[in-house]
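Dear colleague,

I am handing over the structure below, and after it I set out what was found. Please read the notes with the structure open beside them.

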Amino acid sequence: MEHILVDIFLNFAIIALLIAIAPLVAKATRIPVVVVEMCLGCVGLYLGIFQANESFALMAKVGFLFLMFLCGMEVDLRGFQNLGKKFIKNVIIYFVVLYGISVAVVLTLGLHKIFIAAFPVMSLGMIMTLIKDYGKDKQWLELALRVGVVGEMASIVALTLISGFYHYGNSLKLYENLAVLCVFILAIFGLFWVFRILFWWFPNLKLFVMPHNDLSNQDMRFVMMLFIVLVALVLFLDLEPALGAFLAGMIVAIFFSYKYELVHKLNDIGFGFFVPLFFVFVGSTLDLGLIMQNSTYVLYGSYIAVGMIAIRFIAANVAFRKYFRHIKDVTLFAFSDSMPLTFLVATAKIASDWNAITKDVYYAFILAAMIEGVLFSIIIKLLYNLWQPNKSRKNSKS
């Protein structure tokens, strides 16, 4: 037993070292740290630096769920009340066009049905990174963040539906599972409404749960309890555990937004170890030797990346062209919305776990995520820098 523990901890020690050097490599190469982590996982396993085992896979699953929890914390449902009916109408048009084109492309080209969910999938991860680089005051990034919140929620629902479909197939059990999902979501939103009224009448109740001067880390204990209980609940209901983690994050964001230091603590814990662990694990699922022997994997990944940006560019022009003064803003928005690294990887991982897609398709998805993270970030930077000089020249002439 002791020998097994030594092997496990040595393995994690090497993985922890890779996680620690990933930001340094990302800064030196200017490649998104998520892509660097996947590359280190891929190369590390290929060179035999560490081993892929059950304990590593289990911890990576926890990392993924914690990532979904952190994504849920980015959702502010109250902010949508001030957006206006016209904006919400345009967002609906955007998603209708996005999913409509995806269905048409998949049916026309005879692609796997998983692409219907994969092409429109969205994630806030890279959008938040872009906001750190360019600032939240940019119109195209502000729109990308708002649309990304809706898209991330839609992606969570899509992941849950995909998991149920591949688990049960087109059977009565599937529809029973979907009914349970609908009842569960309605129950959660009912609880949101009840607690909103409760906290309005008794505002000190929040402070009882999460006091400002907290010397016993009560806020952290409550949040971790909430995270684990909701994940356990959805597992008990035979639903996708990512849904429970995401909802737990939403609860924290909606009711306990005053605990700013808690958000920072959770982000530090998540992005400091658990989330990078998940991406290193994802990289380790790629067979580097096989990829080097067969360049078509990279080609297929490029096709997916091009397809994702193409449908977003069309949908953005249909729904939001009037919001922007220049076509470059529309393009920047489309590219910023086309880097769903976390959810594209998650979609591929769930489909692969249920043996719903072949290894070739799985590799193509992961490589597409990596291509988008690197190439699209560079394109955004080039477009942004090209636009700035033109703007400054116009100002100088006036």
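Does Cys182 count as buried, partly exposed or exposed, and at what relative accessibility? Cys182 counts as partly exposed, because its relative accessibility is 46%, a value that falls between the 20% and 50% cut-offs. Please keep in mind here and below that the model is a predicted one.

To stay with the cysteines, the structure holds zero disulfides. Cys39 takes part in none, and the cysteine sulfur nearest to it, that of Cys42, lies 7.1 Å away, whereas a disulfide would need the two sulfur atoms within 2.5 Å. Cys39 is partly exposed, with a relative accessible area of 32%.

As to the overall fold, the chain has 17 helices and zero strands. Its radius of gyration is 22 Å, which agrees with the value near 21 Å that a compact globule of 398 residues would have, and its C-alpha atoms fill a box of roughly 70 × 60 × 50 Å along the principal axes. Of the 398 residues, 48% count as buried. Among the contacts between residues at least 6 apart in sequence, 79% join residues that are at least 24 apart. The accessible surface comes to about 20000 Å², and 68% of that area belongs to carbon and sulfur atoms.

The aromatic side chains deserve a paragraph of their own, with 22 aromatic pairs in the structure. One of them is formed by Phe66 and Phe227, whose ring centres are 5.6 Å apart and whose planes stand at 75 degrees, so the pair is edge-to-face. This pair links distant parts of the chain, since Phe66 belongs to helix α3 (residues 54-72) and Phe227 to helix α10 (residues 218-236), 161 residues apart. Both Phe66 and Phe227 are buried, and ring pairs join these two with Phe69, Phe273 and Phe274 into a cluster.

Helix α10 also enters into the last point, which concerns charged side chains. The count of salt bridges comes to one, and in it the side chains of Asp219 and Lys265 meet at 3.8 Å, N to O. Because Asp219 lies in helix α10 and Lys265 in helix α12 (residues 260-284), the salt bridge ties together parts that are 46 residues apart in sequence. The two partners are not equally covered: Asp219 counts as buried, at 2% relative accessibility, while Lys265 is partly exposed, with a relative accessible area of 29%.

With kind regards

Conventions
Residues numbered from 1 in each chain as written. Predicted model: local features only at pLDDT ≥ 70, side-chain atom pairs only at ≥ 80, totals over all residues. Heavy atoms only, no water. Phe/Tyr/Trp six-rings, centres within 6.5 Å; stacked < 30°, edge-to-face > 60°. Helix = DSSP H or I, 4+ residues; strand = E, 2+ residues; numbered from the N terminus. Buried < 20%, exposed > 50% of the residue type's maximum accessible area, 1.4 Å probe, protein only. Salt bridge = Lys/Arg side-chain N within 4 Å of Asp/Glu carboxyl O. Rg over C-alpha atoms; globule rule 2.2 N^0.38 Å. Contact = heavy atoms within 4.5 Å. Areas by Shrake-Rupley, 256 points an atom, 1.4 Å probe, with all protein chains shown as cover.
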